[in-house]
Amino acid sequence: MPSDKAYNYAASVTPMQYQVPDILPRVKKIASQYDKVIAVGYSQGGLIWRGMIEEWDDHNVELFISLASPQHGVYGDPTHYDMYLDSVVFFPDLNNELPGVAEEEKERKKRNFLKLRKLALIGGATEDVIDPWQSTMFGFYTDEGFEGEVIPMEETKLYKEDLFGLKTLDERGGIVKCRYDGLTHLQFRDNQDMLRTCILPLLQSYIPQ
């Protein structure tokens, strides 16, 4: 992929498995100017950020804010898990679900994810793009399918098997959830009250008193 490509507008549909390695070198260059980095990823950007964090061995991202981002995905049919692994490229790799990947590589990505001090997950029930909206907080449908019950993060395979470190990060107090209802997907970008409620408290320790 061209290194000067900007993934906005029509280019945002470029498969994410291409976007992550293309964007990462530029992010590394910017991040090298700072001791600590606060990453904010809105919508698809939250997935790109998680992909970069997992691939970035020496990252200095301390706080990752995932804003209205489908972290558990929106593509995986829970009734056809094998088909999901075979046909979806980005999410099974991101989630360390692929059986053919070496354990050393999975552990490397897990270590990188666990270098985060804090992960903030922000979403709400009036979300009108991500289905289910609980995917913004790593929740998803049960194996009964899209018409079935939605389970929280703590009951998912990703969490219980700690595939990329989600459970470990949570158990050490590294995950914060902020549910903010009343907003559509696009409104999560710049709603002032949501920013004051969900994001500003996360930044207090970084603001000089």
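Two aromatic rings of Phe, Tyr or Trp count as a pair here if their centres lie within 6.5 Å. By that rule, this predicted model comes out with 5 aromatic pairs, and ring pairs tie Phe-113, Phe-138 and Phe-164 into a cluster. That cluster is a handy place to start, since several other features lead back to it.

A pair of rings is described by how far apart the centres are and by the angle of the planes. For Phe-113 and Phe-164 those numbers are 5.0 Å centre to centre and 85 degrees between the planes, an edge-to-face arrangement. The two partners come from distant parts of the chain, with Phe-113 sitting in helix α5 and Phe-164 in the loop between α6 and α7, 51 residues apart. Both Phe-113 and Phe-164 are buried. Phe-164 also pairs with Phe-138, this time in a tilted geometry, at 5.8 Å between centres and 40 degrees between planes. Here too the link spans distant parts of the chain: Phe-138 belongs to the loop between β3 and β4, Phe-164 to the loop between α6 and α7, and 26 residues separate them. The relative accessible area of Phe-138 is 0%, so Phe-138 is buried. Phe-164 likewise has a relative accessible area of 0% and is buried.

Phe-164 has a charged visitor as well. Arg-50 lies over the face of the Phe-164 ring, 4.4 Å from the ring centre. Another residue in touch with Phe-164 is Asn-96, whose contacts, leaving aside residues up to four places away in sequence, are Lys-106, Lys-109, Lys-110, Leu-163 and Phe-164.

Asn-96 is worth a look for its backbone too. Most residues other than glycine have a negative phi, and most peptide bonds are trans. Asn-96 goes against the first habit, with a positive phi of about 60 degrees although it is not a glycine. Its place is the loop between α4 (90–94) and α5 (103–113), and with a relative accessible area of 5% Asn-96 is buried. Asp-162 does something similar: not a glycine, yet with a positive phi of about 50 degrees. This residue is found in the loop between α6 (157–160) and α7 (166–171). Asp-162 counts as buried because its relative accessibility is 10%, and the cut-off for that label is under 20%. As for the peptide bonds, a cis one joins Asp-131 and Pro-132, with omega at about 0 degrees. Pro-132 is placed in the loop between β3 and β4 (140–141).

On to the sheet. Strands of a sheet pair through backbone hydrogen bonds, in either a parallel or an antiparallel way. In this model, 4 strands make up an open sheet ordered β1-β2-β3-β6, with parallel pairing. The edges are taken by β1 (37–42) and β6, each with a single partner strand, so one side of each has no neighbour in the sheet. On average, neighbouring strands are turned by 15 degrees against each other, direction ignored. Between β1 and strand β2 (residues 61–67) the parallel pairing runs over 6 bridges, and Val-40 stands opposite Ile-65 in β2. Helix α8 lies across β1, β2, β3 (118–123) and β6, and runs at about 170 degrees to β2.

What holds β6 and α8 together covalently? The model has 1 disulfide, formed by Cys-178 and Cys-198 with their sulfur atoms 2.0 Å apart. Cys-178 lies in strand β6 (residues 175–179) and Cys-198 in helix α8 (residues 192–203), so the disulfide ties together parts that are 20 residues apart in sequence. The torsion about the S-S bond is about -65 degrees, so this disulfide is left-handed. Both ends are tucked away from solvent by the accessibility numbers: Cys-178 is buried with a relative accessible area of 15%, and Cys-198 counts as buried at 4% relative accessibility.

Terms used. Residues are numbered from 1 along each chain as its sequence is written. This is a predicted model: local features need pLDDT of at least 70, side-chain atom pairs count only at pLDDT 80 or more; totals for chains, interfaces and linings use all residues. Side-chain values use heavy atoms; hydrogens and water are left out. A disulfide is a pair of cysteine sulfur atoms within 2.5 Å. Helices (H or I, at least four residues) and strands (E, at least two) are DSSP runs, numbered from the N terminus. Buried means under 20% relative accessible area, exposed over 50%, partly exposed in between (1.4 Å probe, protein chains only). Two strands pair if DSSP finds at least two bridges between them. Axes are lines fitted to C-alpha atoms, for helices over the stretch in contact, and angles run from 0 to 180 degrees between N-to-C directions. Contact means heavy atoms within 4.5 Å. Rings of Phe, Tyr and Trp (its six-membered ring) pair if their centres lie within 6.5 Å; planes under 30 degrees apart count as stacked, over 60 as edge-to-face and the rest as tilted. A charge sits over a ring if NZ of Lys or CZ of Arg is within 6 Å of the ring centre and within 35 degrees of the ring normal.
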